[in-house]
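Subject: Handing over the structure

Hello,

Here is the structure I promised to pass on to you. Please open it first, and then read on for my notes.

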Amino acid sequence: MPDADGLPSMAARGEKMGRKALLLKAGAASGSTKATGALRERRQVDRASGDLGKPQNKQRVLLLSSRGITYRYRHLLNDLHALLPHSKKESKFEQKTELYALNEVAELANCNNAIFLECRRHTDLYLWMAKTPNGPSVKFFVQNVHTMDELRLTGNCLKGSRPIVSFDKNFDSAPHLSLLKEMFTQIFATPRTSRKIKPFVDHVLNFSVVDNKIWFRNYQVVEKAPPIAPGQEPISLVEIGPRFVLDIVRIFDGSFCGATLYENPTFVTPAQVSFPRQTPQPGTDKVDHPYLGATCHECQSRSPLREPEECGRTEI
Amino acid sequence: MGKKKGTKSRKDDADVEGDSEFADIEAFIAAQDAAPGLKGGSGKKKSKVKSGRDEVEDEAETLQQKEEARLARELEEEKRAMARVAAEEAESGLVQDEGTSQRAPRRVPINSTAALTARLASIRLPPTISFIETLALTHPTPLDLAPEAASDDLRRELAFYDQALHAAVKGLEQLRQLGVPTTRPVDYFAEMVKADAHMLKVKQRIAEETTNIKKSEEAKKQREQKRLGKKVQQQREQEKREAKARDVEKLKQLKRKRGGGVEEESSGGGGDDFGVTADADMDDESGPARKKTRGEGGTQPPRGPSLAHSKRALSKHAKYSGKTGGPKHGSGRFEKQKRGAGGFGEDDGGKNKGNMSRGPQKFKGKPGTFNVRKMKEGFDGNKGKNRGKPSGGSKRPGKDARAKFRRTPGKK
């Protein structure tokens, strides 16, 4: 005799039904979200639709660096790994030109985001932030890096605690900044479903826009002792670190490939800073190195992965 | 045919050439003219066709006009081509090297807002997502920092601090309402982002810094005090020197006045005791007390002949008698009389037989046999008691003798 869901009843099949199976069955039949057993509750939460049917934020970030990375930037990578409990650190990425292969690495690691630290000329650091496999990606030039090891940065927080992410209102002023804000939220804000999280909230990540650049700070929340003067906040902040400044280079439509959506007009490559461009000699028609980007197999676009001034004579 | 001759305008040209017979031919030729590289040929052709109908001047004019027209059309076409190229470039994202391309115009940086917005919509988290999922907050007011202020560390960091503080307060409030624990209990031990060893180093550094600051402040204070102290010391020394100089001056004055001051009889002179006291004061070598009285200027210098009561005073006088340069004290008639004829215990005529009866003894022995003990005992062999010592009153035993009877040892 079939029961409610059309299958022959288990009793009829002569199987013993354990408590687990009973509960599951009951849950499936009733479709109620208010669970009675702990097991059912857990099952509900694990579903994509999440607790109480609301959407969940599920993110995993792949952390990578290129070869030729220096000690300071390696420490920065380690600091990021410590701050993002939903991140996975992978070995160094060998390729210089065909970065879209990172999408495959991300897929293998089960990640839907990637942060790639590209170190060029042993001095310049570029930070790539991408939503793998299809999403947009951003290339930043990183400046003023201070790692957590610096003794001036005296704060400390739980490893794995979820941060409060604070954004400047300037992020809503331009479409490219809005896109960046969304990407920062998805990459830096720790989701509730991550396995390595700890229960308390004791630090704040701060993103601000000053001088057309994005400034990153990380503060520890210190609760003041009870006798608090009126007009004063009950908490104070101590900087933990790291701190860095991101200068947008380009925003791409694809992940490490694709058409350029936004290009920063004020960005000057460090190569150009140190070796200023000279106009070609009069009378000659000397063509500087033609711009070459790698062709992405998936989107078949010639992606401008490198600035023209970087290829050629200034490249190691 | 009714053609107008000598017309210059293009329109009229068209009319001129609008003859049905020659219209298509002209049109063909015009098209030929537009294509580059066929200038010479088409010109010739034109002239050939026209020569039959037009005069020579008209021919020239129309030629010129045609040239202009052709050039204008060429220019336009080129512009259109360049624009097309630029658009293509912009679309594909290829960059032209600026240094080489004199032909390509400067590229505008890409900012396709429509595409950006579309992309944002495609990746955005569902709007129904709750705060607890992301813990992301946006500050209500934008951070208005001028680009120059970016290099002003303090202001910039304060602005960041304010923004983060606002977000932290608001975020924690919301979490508290949701019932999520935010404060870490004191006994909750877990791995921290920075290791304990590192935090120890941080603490040591802070302690070092505070001690360094204190040390430097102490050193500064010491330096200041030293500087001040030196000044004070110098001032004091100078004062001392001045006071000493003043004292010496006064002394000199006194001596001068005293020595040549027999004529200067004033209130304090005569046979008064004041004179004696003044002298006694002057002769006394004790320091500050003497100085004070002198400084105050209370005592007048003695006037008139000195009348030394005690032998002691006399003997003390005697010390200065030679130094001041004045007449020897005690050399006057009176003094001599008072002293007596000389010798010990001799009668000086019945006047002063007490202390003064013992005048200075005469040494009657051989020269070279002078003995102090003998002096005290008496040269004339008189082994009397206390010769040379003032008589009268009970003799006070010496210190050692007294010490034996002292109840409290060491009492002063």
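**Strand S6 and its neighbours**

Strand S6 of chain A runs parallel to strand S7 (residues 203–210) of the same chain, and 4 bridges join them. Two strands count as paired here if DSSP finds at least two bridges between them. Helices (H or I, at least four residues) and strands (E, at least two) are DSSP runs, numbered from the N terminus.

Before going further, some ground rules: this is a predicted model, in which local features need pLDDT of at least 70 and side-chain atom pairs count only at pLDDT 80 or more, while totals for chains, interfaces and linings use all residues. Residues are numbered from 1 along each chain as its sequence is written, chains are lettered from A and ligands numbered from 1 in the order in which they are written, and side-chain values use heavy atoms, with hydrogens and water left out.

Back to S6(A), which spans residues 164–167. Which residue of S7(A) is the bridge partner of A:Ile164? That partner is A:Val204. S6(A), helix H5 (residues 175–188) of chain A and S7(A) together make a left-handed β-α-β unit. For the handedness, a crossover is right-handed if, with the strands pointing away from the viewer, the path from the first strand over the helix to the second runs clockwise.

S6(A) also pairs across the chains: 3 bridges join it to strand S1 (residues 136–138) of chain B, again running parallel. There, A:Phe167 stands opposite B:Thr138. Both faces of S6(A) are covered, with A:Ile164 and A:Ser166 buried on one side and A:Val165 and A:Phe167 buried on the other. Buried means under 20% relative accessible area, exposed over 50%, and partly exposed in between (1.4 Å probe, protein chains only).

**Salt bridges**

Side chains of opposite charge can pair when their charged atoms come close. How many salt bridges does a search of the whole structure find? There are 22 over all chains, where a salt bridge is a side-chain nitrogen of Lys or Arg within 4 Å of a carboxyl oxygen of Asp or Glu.

- B:Glu191 pairs with A:Lys159, with the closest N and O atoms 3.5 Å apart. B:Glu191 lies in the loop between helix H7 (153–178) and helix H8 (196–259) of chain B, and A:Lys159 in the loop between strand S5 (137–146) and S6 of chain A, so this pair joins two chains. B:Glu191 is exposed at 52%, whereas A:Lys159 is partly exposed at 31%.
- A:Asp253 meets B:Arg119 at 2.6 Å, N to O. This pair also crosses between chains, from the loop between strand S10 (243–252) and strand S11 (260–263) of chain A to helix H5 (residues 113–123) of chain B. A:Asp253 is partly exposed at 29% relative accessibility, and B:Arg119 is buried at 16%.
- A:Lys181 and A:Asp172 meet at 3.4 Å, N to O. A:Lys181 is buried, with 16% relative accessibility, while A:Asp172 is partly exposed at 38%.

There is a network of salt bridges as well, linking A:Arg217, A:Glu239, A:Arg243, B:Asp153, B:Arg156 and B:Glu157.

**Backbone details**

Most residues other than glycine have a negative phi, and most peptide bonds are trans. Some places in chain A depart from this. A cis peptide bond joins A:Thr132 and A:Pro133, with omega about -10°, and A:Pro133 lies in the loop between strand S4 (124–130) and S5. The bond from A:Gly241 to A:Pro242 is cis too, with omega near -5°; A:Pro242 sits in the loop between strand S9 (235–239) and S10.

As for phi, A:Asn144 has a positive value near 50°. A:Asn144 belongs to strand S5 and is partly exposed at 47%. A:Phe256 has a positive phi near 65°; this residue is in the loop between S10 and S11 and is buried at 0% relative accessibility.

**Cysteines**

The structure holds 0 disulfides over all chains, a disulfide being a pair of cysteine sulfur atoms within 2.5 Å. A:Cys111 is buried at 7% relative accessibility, and A:Cys257 is buried at 5%.

Enjoy looking around!

Best wishes
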